[in-house]
Amino acid sequence: MLNCDILISAEVIVTQNANRDILYQAALAVTGGTIAALGQRVDLEKEYQPKRVLKLGKSLLMPGLVNAHTHMPMTVMRGKADDLPLMDWLNGHIFPLERRLDPHIIQVGTELACAEMLRTGATAFCDMYLNESTIYRTADRIGLKALVGEGIFNFPTLGCENPADALPLARSRAEELRGNPRIRYSIAPHAVYTTTPELLAACAGLARELELPLQIHLAETRSETEQCLKLYGIRPLELACRAGILGPDTTIAHGVDLTEEEMDLLAESATVVAHNPRSNMKLASGAAPIARMLEKGVPLGLGTDGAASNNTLNMFAEMSACALLHKHVGQESTALPAQSVLDMATLGGARALHRPELGSLGIGGPADLTALDLASPNLLPLYSPVSHLVYAASGHEVILTMVDGNILYENGKFNSIDYPALLREVAEINVFMQKQN
Ligand SMILES: [Zn+2]
């Protein structure tokens with residue numbers, strides 16, 4: 001008999017491996033945070049002597065979802081300002097609220113975001129915000145994986161008072177995280193309209209020098225394009241291209257306002273696009289041409305964006321929104337089939353975080369996974385597990401979420417978050433934020 005730490009059995013295992021194998025009456029053995037075996041339950045039960053047995057019964061096990069674009073602490077602004085014109089929302093509400101944030105609020109907002117993601121099956125995320133060190137230290141303590149970056153702007157921010165310090169700060173943060181198994185640093189210029197072409201080129205140079213990924217908001221709205229054309233005479237993607245930003249180590253968030261040639265450029269350069277359908281719809285930014293990008297082979301991840309513009313960090317909600325949006329806008333019911341959407345939320349997320357080991361379950365890979373209760377009425381009967389994950393699941397069927405073999409969420413309990421204390425802190429912030437306008 002072989003030893004293992006945990007032997008998990010489930011009715012269905014959706015592997016998201018290269019063959020997209022789905023196993024029935026299956027089991028998975030975990031040792032030292034890694035998947036040691038995956039196969040039929042009867043076989044693994046004979047082969048392994050586990051320290052802990054987790055018989056999940058009528059449940060579905062799958063890779064942890066990967067949220068390809070978010071701003072974790074924005075959970076504290078959830079529902080504070082909705083249904084407003086974009087510029088009024090941003091300048092009249094979000095930016096003034098952001099000026100009220102301090103490290104404590106950012107920490108609590110991040111804990112809340114981690115809780116919400118674990119509760120809805122996500123194990124990794126890509127984040128860009130202000131005071132990012134508070135975010136990644138909090139996420140690291142709780143046990144999630146992330147690609148993070150302090151947002152780089154050409155004006156003073158909460159996280160960096162002098163824009164001239166932005167790149168040295170990124171350098172020191174990257175140094176702090178070097179060798180961290182869960183959290184990795186990226187260079188994160190906020191957008192073309194909050195930086196300059198020179199600053200973008202410097203960001204691209206630093207990313208290359210330090211061999212780090214780069215993330216940026218790009219081509220999010222038509223007004224971004226118009227402003228860029230007015231200022232520089234070229235469109236945002238062209239500007240980013242000239243600054244040396246595009247490439248396989250770069251993730252662009254949104255990619256809504258794109259031409260055919262720009263999509264070709266993204267495909268040729270293997271630049272990853274993090275698609276945020278709910279945020280794009282809520283802010284009326286338009287529909288990113290995802291069906292076209294899928295045809296052209298652009299690497300695609302799926303993200304929630306911040307909770308102020310969604311208003312949830314639930315990747316199941318994002319998956320169904322993604323599938324429905326693109327069928328609707330294209331008036332084509334075959335667009336974005338369930339398997340493609342699940343791929344975006346798992347393997348595509350791994351591309352967006354530049355960590356190919358994430359997003360699938362396979363021997364030797366990390367035990368980053370989540371399980372859903374298949375006895376939930378909305379998941380019955382079961383013909384196609386992938387269909388249910390995209391069209392029927394709400395995310396609240398999640399009964400277990402694990403990262404590197406550590407159970408972080410199980411049946412209503414968070415093992416690395418003091419949830420009652422978090423509730424009290426969120427309540428205090430609620431009172432404080434209520435007073436802000
Ligand atoms: Zn964003």
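## S133 and helix 4

In this predicted model, S133 is buried, with a relative accessible area of 6%. The residue belongs to helix 4, which spans residues 132-142. Leaving aside residues up to four places away in sequence, S133 touches E150 and R173. With R173 there is also a polar contact between the side chains, at 3.4 Å.

Helix 4 also holds R137, whose side chain meets that of E176 in a salt bridge (2.9 Å, N to O). E176 lies in helix 5 (residues 166-177), so this pair ties together parts that are 39 residues apart in sequence. Both partners are partly exposed: R137 has a relative accessible area of 45%, and E176 is at 41%.

## Other salt bridges

The count for the model comes to 22 salt bridges. One of them joins R52 and E410, with the closest N and O atoms 3.0 Å apart. R52 is in strand 4 (residues 48-55) and E410 in strand 17, so the bridge ties together parts 358 residues apart in sequence. R52 is partly exposed, at 36% relative accessible area, whereas E410 is buried, at 18%.

Helix 5 takes part in a further bridge, between R171 and E209, whose closest N and O atoms are 2.9 Å apart. This pair links distant parts of the chain, since E209 sits in helix 6 (residues 197-210) and R171 in helix 5, 38 residues apart. Elsewhere, E260, D264, R292, E295 and K296 are joined into one network by salt bridges that share partners. R171 is partly exposed, with a relative accessible area of 38%.

## Helix 9

Helix 9 covers residues 260-269, and its buried residues are E262, M263, L266 and S269. These four cover an arc of only 135° around the axis, which puts them on the same side of the helix. The face turned away from that buried side carries the exposed residues E261 and E268.

Several elements cover the buried residues of helix 9, including helix 8 (236-242), strand 12 (250-254), strand 13 (272-275) and helix 11 (290-296). After helix 9 comes A270, which has a positive phi, near 55°.

## Two domains and their interface

The domain assignment divides the protein into domain 1 (2-63 + 360-414) and domain 2 (65-352). Taken over C-alpha atoms, the centres of the two domains are 29 Å apart. Contact between them involves 28 residues of domain 1 and 28 residues of domain 2. About 2300 Å² is buried between the domains, with carbon and sulfur atoms giving 63% of this area. Q16, V390 and Y391 supply 25% of the area that domain 1 buries against domain 2, more than any other three residues.

Between the domains there are three salt bridges and 13 residue pairs in polar contact. On the domain 1 side, strand 5 (59-63), strand 15 (369-373), helix 14 (385-392), strand 16 (398-403) and strand 17 (406-410) each supply at least two residues that touch domain 2. Helix 14 gives the largest share, five residues.

## L60 in strand 5

L60 is found in strand 5 and counts as buried, at 2% relative accessibility. Its C-alpha atom is separated by 6.1 Å from that of E11, 49 residues apart along the chain. Not counting residues up to four places away in sequence, L60 touches V12, V14, T370, A371, L372, L374, P385 and L389.

How values were computed. Residues numbered from 1 in each chain as written. Predicted model: local features only at pLDDT ≥ 70, side-chain atom pairs only at ≥ 80, totals over all residues. Heavy atoms only, no water. Buried < 20%, exposed > 50% of the residue type's maximum accessible area, 1.4 Å probe, protein only. Arc of directions from axis to C-beta. Contact = heavy atoms within 4.5 Å. Domains from an automatic or database assignment. Buried area = accessible area lost by both parts, 1.4 Å probe. Salt bridge = Lys/Arg side-chain N within 4 Å of Asp/Glu carboxyl O. Polar contact = N/O pair within 3.5 Å; in protein donor to acceptor, adjacent residues only side chain to side chain.
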